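Here is a short briefing to read alongside the model. Keep the 3D view open and pick out each residue as it comes up.

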Amino acid sequence: MIQLKASCILNVPLQTYGDDFTFVVNENEIKTSRLVSDLLSPKICRIHLVDPTFDKFIIKTKHFGSFSKVLDLLKFTENEVANDDINFLTEVIEILENDSIEITNIKYEELTIDNI
């Protein structure tokens with residue numbers, strides 16, 4: 001039996017691939033590579049199987065935040081997330097249809113009569 005370990009992706013310099021794909025997040029364009037788009041989104045990956053020329057994905061969310069937090073996931077390390085970003089990130093992850101991204105250890109503000 002022979003197998004290439006999935007961990008080998010950690011050695012790939014993802015930032016050096018050409019910016020041939022665009023995420024449009026709440027009207028802000030973020031250029032990245034097609035490889036990055038496929039890693040972040042199984043939905044985009046499926047589209048690329050049918051249409052290899054697909055190069056732009058539009059994301060509209062109710063909440064606002066920084067898409068760079070999503071791109072930081074490609075470091076394959078745990079990243080701190082501010083409570084203010086959780087709703088935005090949850091929406092984006094759902095739109096990308098990526099069930100491999102987990103948000104854990106969410107610290108909610110203590111509920112009081114004033115903040116409900």
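How many helices and strands does the secondary structure of the chain come to? The answer is four helices and three strands. Please keep in mind that this is a predicted model. The notes below go from the overall layout to the salt bridges, and then to the surface and a pocket.

**Overall layout**

- Following the sequence from its start, you will meet the elements in the pattern β-β-α-α-β-α-α.
- The C-alpha atoms fill a box of roughly 55 × 40 × 25 Å, taken along the principal axes.
- The chain has 116 residues, and 29% of them are buried.

**Salt bridges**

- The structure holds four salt bridges.
- One of them is formed by K56 with E29, where the closest N and O atoms are 4.0 Å apart. This pair links distant parts of the chain, since K56 sits in strand β3 (residues 56-59) and E29 in strand β2 (residues 28-32), 27 residues apart. With a relative accessible area of 40%, K56 is partly exposed.
- Another salt bridge brings together the side chains of E97 and K43, at 3.9 Å from N to O. E97 lies in the segment after α4 and K43 lies in helix α2 (residues 42-50), so this pair ties together parts that are 54 residues apart in sequence.
- Are E97 and K43 buried or exposed? E97 is partly exposed because its relative accessible area is 37%, and K43 also counts as partly exposed, at 28% relative accessibility.
- The side chains of D72 and K75 meet in a salt bridge too, at 3.8 Å from N to O. D72 counts as partly exposed because its relative accessibility is 27%, whereas K75 is exposed, with a relative accessible area of 55%.
- Salt bridges that share partners also join K43, R46 and E97 into one network.

**The loop between α3 and α4**

- F76 is found in the loop between α3 (68-71) and α4 (83-96). F76 counts as partly exposed because its relative accessibility is 41%.
- L73 lies in the loop between α3 and α4 as well. Its relative accessible area is 28%, so L73 is partly exposed.
- How far apart are L73 and L39 in sequence and in space? They are 34 residues apart in sequence and 10.0 Å apart in space, going from C-alpha to C-alpha.

**A nonpolar surface patch**

- Which residues make the nonpolar surface patch of about 430 Å²? They are L10, Y17, L35, L39 and F76.
- In this patch you meet F76 again, the residue from the loop between α3 and α4.

**The second largest pocket**

- Rolling a probe the size of a water molecule over the atoms shows where empty space is left.
- The second largest pocket offers about 240 Å³ of space.
- Its lining is made up of 16 residues, and those that lie nearest the centre of the pocket are L14, Q15, V36, L71 and L74.
- What does the lining of the second largest pocket have by class? There are ten nonpolar, three polar and three charged residues.

Terms used. Residues are numbered from 1 along each chain as its sequence is written. This is a predicted model: local features need pLDDT of at least 70, side-chain atom pairs count only at pLDDT 80 or more; totals for chains, interfaces and linings use all residues. Side-chain values use heavy atoms; hydrogens and water are left out. Patches are made of residues with over 30% relative accessible area and no salt bridge: like charges are joined within 9 Å, nonpolar side chains (Val, Leu, Ile, Met, Phe, Trp, Tyr) within 5 Å. Accessible areas come from the Shrake-Rupley method with a 1.4 Å probe; for residues, only the protein chains shown count as cover. Helices (H or I, at least four residues) and strands (E, at least two) are DSSP runs, numbered from the N terminus. Buried means under 20% relative accessible area, exposed over 50%, partly exposed in between (1.4 Å probe, protein chains only). On a 1 Å grid over the protein atoms alone, a cavity is a set of points where a 1.4 Å probe fits but cannot get out, and a pocket is an open set with protein on both sides within 12 Å along at least five of seven lines; lining residues have an atom within 4 Å of a point. Grid points are joined across faces, edges and corners, and a volume is the space filled by probe spheres set on the points. Ala, Val, Leu, Ile, Met, Phe, Trp, Tyr, Cys and Pro count as nonpolar, Asp, Glu, Lys and Arg as charged, and the others, Gly among them, as polar.
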